[in-house]
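Biologist: I am new to this structure and would like a close look at a single part of it. Could you take me slowly through one short stretch and then set it against the rest of the protein?

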Amino acid sequence: MTETGIHYLDASGPEGIRLYAIGDVHGRHDLLAAMHRRIESELEYAPASDWRIIHLGDYVDRGPDSRSVIDFLIEAQKRDPRNIMLAGNHDIGMLEFLADAEPDGLFMNYGGVQTAQSYGVDLLRDGHWFGKAEAIARGHMALVKAVPRSHVDFLQSLAFSVSFGDFFFCHAGIRPGVPLDRQSQQDLIWIRDAFHDHPGLFPKVIVHGHTPVPEAEVRANRVNVDTLAWKSGTLSALAIDGGDKRIIAVQGKAL
């Protein structure tokens, strides 16, 4: 039986548009800024007729400077709307925490403390959080006041997917067997095993992050550019120019 779908080797971006898809940032403003400088240098010395920079989500949590990452992305989008920002599960988790201080949710368990610190708020009073209702209320209130409205608006504005040429971009992946235009937001920011383990081709090559790998992973049906930037100090991206595809990376200090 012949597989239907697009193989990575045969996939092409749209004619005349160079694409860059950047993996999970997680509070590493230094690496994000370095990646943009790298891309700007490429566009200066090897100009393209048009371009898009696609950010694959997870801008906050774990790393040290989530606030500056969001500031950077807001300014980049204002400067040029060809900067496209997609939602990651951590970005949605931050919104959910701001709306409802859930002590057992994603934000508090997986790096939200560092996000709050970047806004000048210490959620861990005396090294504790869980089981202290007054600390929960106090910390949540302080964070709500500290996060600018523009940051909330930015997080609420994030799209969940975008497609160019033979490529479909999202944070986590897709549900096999479901048309690309009918994927659930939950799957687009959370899916792992059902997507990773699918042996066949997809209607388009899926470019994603969400699941850290030691180096960018290129497969027949998908490309994973999450290289654990917040900890490893390596932020990766996929560059697509017609049928030419390559991985680029910037490196900084490992944490």
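Modeller: What follows looks at Asn221 and Arg222 and then turns to the protein around them. Please keep in mind that this is a predicted model.

Asn221 lies in the loop between strand 7 (217-218) and strand 8 (222-224), while Arg222 belongs to strand 8. Asn221 has a relative accessible area of 6%, and because buried means under 20%, this residue counts as buried. Arg222 is buried as well, with a relative accessibility of 3%.

What surrounds Asn221, once its neighbours within four places in sequence are left aside? The residues in contact with Asn221 are then His198, Pro199, Gly200, Leu201, Phe202, Lys204, Val205 and Ile206. One of these, Gly200, offers its backbone oxygen to the side chain of Asn221, which reaches that oxygen at 2.7 Å. For Arg222, with neighbours within four places again set aside, the contacts are Phe195, His196, Val205, Ile206, His208 and Glu217. Here the partner to look at is His208, whose side chain is joined to that of Arg222 by a polar contact of 3.2 Å. Val205 and Ile206 appear in the contacts of Asn221 and also in those of Arg222.

From Ile206 the view can be carried further, since Ile174 touches Ile206 along with residues that include Phe195 and Phe202, leaving out those up to four places away in sequence. Ile174 is in turn a member of the largest nonpolar core, which has 58 residues, and together with Leu143 and Phe154 it touches the most other members. Helix 1 (residues 29-45) gives the most to this core, with 6 residues. A second, separate core holds 20 residues, among them Ala11, Leu19, Ile54 and Phe169.

For contrast, Asp71 sits in helix 2 (residues 66-79) and is partly exposed, with a relative accessible area of 35%. Its C-alpha is 33 Å from that of Arg219, and the two residues are 148 apart in sequence.

Taken as a whole, the protein has 10 helices and 10 strands. Its radius of gyration is 18 Å, close to the 18 Å that the globule rule gives for 255 residues, so the protein is as compact as a globular protein of that length. Of those 255 residues, 54% count as buried, and among contacts between residues at least 6 apart in sequence, 67% join residues at least 24 apart. The protein exposes about 11500 Å², of which carbon and sulfur atoms supply 50%.

Conventions:
Residues are numbered from 1 along each chain as its sequence is written. This is a predicted model: local features need pLDDT of at least 70, side-chain atom pairs count only at pLDDT 80 or more; totals for chains, interfaces and linings use all residues. Side-chain values use heavy atoms; hydrogens and water are left out. Helices (H or I, at least four residues) and strands (E, at least two) are DSSP runs, numbered from the N terminus. Buried means under 20% relative accessible area, exposed over 50%, partly exposed in between (1.4 Å probe, protein chains only). A nonpolar core is a set of buried Ala, Val, Leu, Ile, Met, Phe, Trp, Tyr and Cys residues joined through side-chain atoms within 4.5 Å. Contact means heavy atoms within 4.5 Å. A polar contact is a pair of N or O atoms within 3.5 Å; within protein, one must be able to donate a hydrogen and the other to accept it, and residues adjacent in sequence count only if both atoms are side-chain atoms. The radius of gyration is taken over C-alpha atoms; the globule rule is 2.2 Å times the number of residues to the power 0.38. Accessible areas come from the Shrake-Rupley method with a 1.4 Å probe; for residues, only the protein chains shown count as cover.
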